[in-house]
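Student: I'm new to this one. Could you show it to me and explain how you arrive at the labels you use?

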Amino acid sequence: MRTVLGIESSCDETAAALVTDGRVILAQHIASQDDAHRPYGGVVPEIAARAHAERLAPLIAATLADAGMTLDDVDAIAATAGPGLIGGVMVGLVTAKALAMASGKPLIAINHLEGHALSPRLADPALAYPYLLLLVSGGHCQILKVEGVGEYRRLATTIDDALGEAFDKTAKVLGLGYPGGPAVERLAAEGDAKKVKLPRPLLGSAEPHFSFAGLKSAVLRAKQAMAVPVQGCMAGSVAPPAYTDADIAAAFQQSAIDCLVDRTRRALGQAGEVTALVVAGGVAANKAVRGALEALAAESGLPFGAPPLALCTDNAAMIAWAGMERLELGQSDPLDIAARPRWPLDPDAEAVRGAGVKA
Ligand code: KG4
Ligand code: ZN
């Protein structure tokens with residue numbers, strides 16, 4: 001049995017995990033920094049980096065202790081080396097380098113997006129390459145054909161905001177606090193999507209790209225319209241619209257889902273042969289999103305895959321697993337490997353023109 005220690009620190013989760021080649025998560029710890037960032041309504045990079053520096057080492061020690069292991073029992077050390085908030089990435093990568101140096105075990109630098117992209121294979125041994133992946137997280141919204149480890153063909157990306165970002169901004173507009181995605185999902189369940197008309201940007205366009213900035217602005221306008229001032233002799237003549245925050249949340253989520261399904265259907269038509277349709281990343285934790293994509297897979301005659309909820313949002317098990325896939329191919333990285341704030345999975349993908357087309 002081989003075991004990889006994975007380290008994740010690219011955003012606001014400090015995480016460590018031990019994963020075997022048999023796809024067993026022997027132990028894992030995730031320290032969320034939600035409380036530290038909540039007063040600011042979003043992740044503050046400097047606070048995140050300091051929190052990683054404080055928490056990571058004891059978290060790794062606890063993970064090893066839970067599994068009854070020491071570094072001697074580990075076959076490689078994998079850490080996120082980008083993309084992400086660079087201060088945090090550096091904390092995790094430097095820690096991994098120190099552990100690799102001290103233990104003499106190989107270092108494996110993982111692209112965080114590769115962690116998400118391969119996470120469905122950790123959950124499902126039967127998932128074979130090539131599969132079509134909708135990767136929806138706080139920082140990215142892409143459709144990739146995953147052809148193998150390190151072989152990613154990007155078919156689509158967002159021309160403005162990521163979907164997780166749009167969920168978080170919607171939460172902010174509705175006063176739901178941070179982090180926003182799960183709160184919007186909960187509120188949406190109580191609302192009626194039909195009561196608020198919101199746009200579905202790029203729906204039906206030829207390339208399967210995404211755009212969420214216009215949807216986000218429409219959410220803001222819908223919320224502002226609820227506060228129509230009613231004064232003096234005009235009192236009663238301008239009624240505020242008859243919808244609630246829950247209706248806005250439901251309408252936002254439905255618009256987003258309609259875009260995801262339409263764009264992913266388009267990408268399926270362009271992808272060639274694939275074994276399955278898979279969704280991963282933080283927004284894949286959303287049950288309505290999962291349900292809609294599962295229906296699309298059924299319509300397309302494809303198996304559907306999505307990691308369990310805990311493997312959708314940032315975690316170290318997916319980093320350890322990506323490390324295991326690379327270790328099994330005999331890959332490792334030198335100790336001078338760089339931390340990268342930007343690191344596209346498909347460096348050959350064309351830059352998407354049309355940023356600013358916020359339909
Ligand atoms: O993958 P992730 O943990 O971090 C990044 O790599 O970005 O994704 C975080 C994003 C956040 O924007 C969060 O609001 C969103 O995923 N998210 C959700 C849900 N859970 C997390 N969005 C919608 N519904 C959810 N249940
Ligand atoms: Zn992520």
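Tutor: Sure, let's go through cysteines, the metal site and burial, keeping in mind that this is a predicted model.

Student: How do you know that cysteine 141 is not in a disulfide?

Tutor: The closest cysteine sulfur, in cysteine 259, is 9.4 Å from the sulfur of cysteine 141. A disulfide needs the sulfur atoms within 2.5 Å, so 9.4 Å is too far for a bond.

Student: What about cysteine 312, how far is its sulfur from the closest cysteine sulfur?

Tutor: That distance is 14 Å, to cysteine 141, so again too far for a bond. Searching the whole structure turns up zero disulfides.

Student: Why is cysteine 141 called buried?

Tutor: Buried means under 20% relative accessible area, and cysteine 141 has 0%, so it qualifies. Cysteine 312 is buried too, at 0%.

Student: Which residues hold the protein donors of the zinc ion (ligand 2)?

Tutor: They are His112 (NE2), His116 (NE2) and Asp314 (OD), 2.0 to 2.1 Å from the zinc ion. Histidine 116 sits in helix 4, while aspartate 314 is in the loop between helix 10 and helix 11, 198 residues apart.

Student: What makes the arrangement around the zinc ion (ligand 2) irregular?

Tutor: Its four donor atoms subtend angles of 94 to 136°. Tetrahedral would need all angles between 85 and 135 degrees, and the angles here reach 136°, so the arrangement counts as irregular.

Student: And aspartate 314, is that buried or exposed?

Tutor: Buried: its relative accessibility is 15%, and the cut-off is under 20%. Histidine 116, at 1%, is buried as well.

Definitions and conventions: Residues numbered from 1 in each chain as written. Chains lettered and ligands numbered in written order. Predicted model: local features only at pLDDT ≥ 70, side-chain atom pairs only at ≥ 80, totals over all residues. Heavy atoms only, no water. Buried < 20%, exposed > 50% of the residue type's maximum accessible area, 1.4 Å probe, protein only. Donors = N, O, S within 2.8 Å, 3.2 Å for Na, K, Ca; no water. Tetrahedral: all angles 85-135°; square planar, octahedral: opposite > 155°, others 65-115°. Helix = DSSP H or I, 4+ residues; strand = E, 2+ residues; numbered from the N terminus.
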